[in-house]
Amino acid sequence: MQAKWLAEAIKGMGANMVFAGVQASNDLDGQIGPMIAAYLDMPYIGGVSSVEANGDSATVNKEFAGGAGAKYSVSMLLVAGVQAAPKPPRYAPVSKVRQVAQSATVEKVAPSGDAGSGLTFKKMAPPVVTGHAEMIEGSSKEVAKKIVELLKSKGLA
């Protein structure tokens with residue numbers, strides 16, 4: 001739902017490029033960037049290490065597993081999932097942060113649309129304890145036949 005709210009807020013800003021992370025803090029599988037791109041009907045490139053804007057286009061460097069990379073030339077309407085940077089980040093001095101904090105204003109954007117997640121809760125119960133596991137032995141064909149019979153007996157096939 002956060003992606004939908006963020007997309008609604010971004011839509012009114014007229015952004016040409018949106019930056020997002022590529023990893024969630026809890027599972028290394030961040031989906032906010034691709035979901036924002038879908039809601040905004042913009043292309044998404046993840047694993048981005050650098051972006052060079054030039055008019056209505058940009059050159060994007062994308063990282064792949066094993067240290068491989070690629071360079072893409074893309075139109076400026078883009079959501080980029082930032083993986084890393086070629087250089088360590090530079091941090092603003094605390095005195096400058098305080099100076100900006102005293103004069104800056106933050107626009108609060110209320111979430112719009114449905115506040116639900118789109119999921120429906122059906123039922124929750126502890127797992128059923130059966131007390132045992134059955135080891136199936138035999139040739140691969142015999143084991144497969146027994147598994148199919150078991151699934152059918154449980155109404156699953």
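Start by selecting Asp41, in the loop that runs between helix 2 (32-40) and strand 2 (44-54). Keep in mind as you click around that this is a predicted model. Asp41 is exposed, with a relative accessible area of 73%. Check its backbone too: phi of Asp41 is near 55 degrees, a positive value in a residue other than glycine. For context, most residues other than glycine have a negative phi. Now add Leu78 to the selection. Asp41 and Leu78 sit 37 residues apart in sequence, while their C-alpha atoms are 9.3 Å apart in space.

**Zoom out for a moment**

Colour by secondary structure and you'll get four helices and five strands. Walking along the sequence, the order reads α-β-α-β-β-β-β-α-α. Of the 157 residues in the protein, 18% are buried. The accessible surface comes to about 12600 Å², and carbon and sulfur atoms own 57% of that. If you like contact maps, take the contacts with a separation of 6 or more: 54% of them join residues 24 or more positions apart.

**Lys62, a charged side chain under cover**

Next, select Lys62, which is in strand 3 (residues 57-63). Is Lys62 buried or exposed? Lys62 is buried, yet it has no salt bridge. A salt bridge would need a carboxyl oxygen within 4 Å of the side-chain nitrogen, and the nearest side chain of opposite charge, Glu63, is 9.2 Å away. So what lies by the polar end of Lys62? Look for the backbone oxygen of Gly46, 2.6 Å from a polar atom of the Lys62 side chain. Then show everything that Lys62 touches, skipping residues up to four places away in sequence: Ile45, Gly46, Gly47 and Val48 turn up, along with Ala68, Gly69, Ala70 and Tyr72.**One step back to Asn61**

Asn61 is found in strand 3 as well. Show the side chains of Asn61 and Ser50 together, and you can draw a polar contact of 2.6 Å between them. Which residues does Asn61 contact once its neighbours within four places in sequence are set aside? They are Gly47, Val48, Ser49, Ser50, Ala70 and Lys71. For a distance label, pick the C-alpha atoms of Asn61 and Ile45: these residues are 16 apart along the chain, and the label should read 9.6 Å.

**Val22 and a long hop in sequence**

Move on to Val22, in the loop between strand 1 (17-21) and helix 2. Val22 counts as buried, at 16% relative accessibility. Now bring up Val82 and put a label between the two C-alpha atoms. Val22 and Val82 are 60 residues apart along the chain, and their C-alpha atoms are separated by 6.0 Å.

**The salt bridge in helix 1**

Side chains of opposite charge can pair when their charged atoms come close. How many salt bridges does the structure hold? The count is one. To find it, select Glu8 and Lys11, whose closest N and O atoms are 3.6 Å apart. Both residues lie in helix 1 (residues 2-11), three residues apart, or about one turn of the helix. Switch on the surface and you'll find Glu8 partly exposed, with a relative accessible area of 37%.

**Last stop: helix 4 and a nonpolar patch**

Finish with Ile147, which has its place in helix 4 (residues 140-153). Ile147 is partly exposed, at a relative accessible area of 37%. Add Leu151 and Leu156 and leave the surface on: with Ile147 they form a nonpolar patch on the surface, adding up to about 270 Å² of accessible area together.

While you're in helix 4, click on Ser153, which is found there too. Ser153 counts as exposed, with 56% relative accessibility. What lies 2.7 Å from a polar atom of the Ser153 side chain? Show the backbone and you'll see the oxygen of Leu150 at that distance.

Note on methods: Residues are numbered from 1 along each chain as its sequence is written. This is a predicted model: local features need pLDDT of at least 70, side-chain atom pairs count only at pLDDT 80 or more; totals for chains, interfaces and linings use all residues. Side-chain values use heavy atoms; hydrogens and water are left out. Patches are made of residues with over 30% relative accessible area and no salt bridge: like charges are joined within 9 Å, nonpolar side chains (Val, Leu, Ile, Met, Phe, Trp, Tyr) within 5 Å. Accessible areas come from the Shrake-Rupley method with a 1.4 Å probe; for residues, only the protein chains shown count as cover. Helices (H or I, at least four residues) and strands (E, at least two) are DSSP runs, numbered from the N terminus. Buried means under 20% relative accessible area, exposed over 50%, partly exposed in between (1.4 Å probe, protein chains only). Lys and Arg count as positive and Asp and Glu as negative; His and the chain ends are not counted. A polar contact is a pair of N or O atoms within 3.5 Å; within protein, one must be able to donate a hydrogen and the other to accept it, and residues adjacent in sequence count only if both atoms are side-chain atoms. Contact means heavy atoms within 4.5 Å.
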